[in-house]
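User: I would like to go through this structure by question and answer, with the cut-offs stated as we go.

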Amino acid sequence: MSELKQHDVAFTVNGKAETLSVSPRTSLADALRDTLGLTGTHIGCEHGVCGACTVLLDGKPVRSCLLFAVQAEGAAITTIEGIGDAQSPHPLQRAFNECHGLHCGFCTPGMIVTLSAFLKEHPQPTSADVREAISGNLCMCTGYQNIVRSALRAAELIEGAKP
Ligand code: FES
Ligand code: FES
């Protein structure tokens, strides 16, 4: 079978302009991980069910396993690496640490990316709101209690109401 022609695609990732040459079949998840080395985006089911591969595309959470990289032309992509890091953690990362919101951590990048967009639009969520927000992110370890607690704690931290 003949090789598929490579295509150039340009987008920004975590604020940095990138131009990649990819196969038209390359998923955005593979381009981020394999070409750009951003392995914080995890790949679980590869068919849109688990949410581990969630990134922000122009501020909205998307399944990067379901998008071809070429479909992200011109977009602003944010991965977990762009949400925060050890030196400057996002309040969600602080809260997940504080409230034990992870065990193995496989689902955690997708959870945090999803919740980062959710908390922008719902700064004072209820526990039920959080459960609904992460209903598309599967965790096999935690039973969700501490994830929900972490999200509520992050909302407090963002609001600055409690230290
Ligand atoms: S790897 Fe994309 S939704 Fe599971
Ligand atoms: S912490 Fe292990 S899958 Fe969620």
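**Disulfides, sheet and domains**

User: How many disulfides does the count come to by this rule?
Analyst: The model is predicted, so local features need pLDDT of at least 70 and side-chain atom pairs count only at pLDDT 80 or more, while totals for chains, interfaces and linings use all residues. Residues are numbered from 1 along each chain as its sequence is written, chains are lettered from A and ligands numbered from 1 in the order in which they are written, and side-chain values use heavy atoms, with hydrogens and water left out. A disulfide is taken as a pair of cysteine sulfur atoms within 2.5 Å. By this rule the count is zero disulfides.

User: Is Cys139 buried or exposed?
Analyst: Buried means under 20% relative accessible area, exposed over 50%, and partly exposed in between, using a 1.4 Å probe and protein chains only. Because its relative accessible area is 12%, Cys139 is buried.

User: In what order do the five strands form the open sheet?
Analyst: Strands (E, at least two residues) and helices (H or I, at least four) are DSSP runs numbered from the N terminus, and two strands pair if DSSP finds at least two bridges between them. The pairing in this open sheet is mixed, and strand 2 and strand 4 are the edge strands, each pairing on one side only. The order of the strands is 2-1-5-3-4.

User: What angle does the direction of helix 1 make with that of strand 3?
Analyst: Contact means heavy atoms within 4.5 Å, and axes are lines fitted to C-alpha atoms, for helices over the stretch in contact, with angles running from 0 to 180 degrees between N-to-C directions. In helix 1 (residues 28-35), Leu28, Ala29, Ala31 and Leu32 are buried, and what covers these buried residues includes strand 1, strand 2, strand 3 and strand 5. Helix 1 packs on the sheet, and its direction makes with that of strand 3 an angle of about 100 degrees.

User: Which residues of domain 1 lose the most area to domain 2?
Analyst: The domain assignment, which is automatic or from a database, gives domain 1 (7-83) and domain 2 (91-159). Buried area is the accessible area (1.4 Å probe) that two parts lose on being put together, summed over both, and between these domains it is about 1200 Å², of which carbon and sulfur atoms give 64%. Together giving 37% of what the domain 1 side buries, the residues that lose the most area are His42, Ile80 and Ile83.
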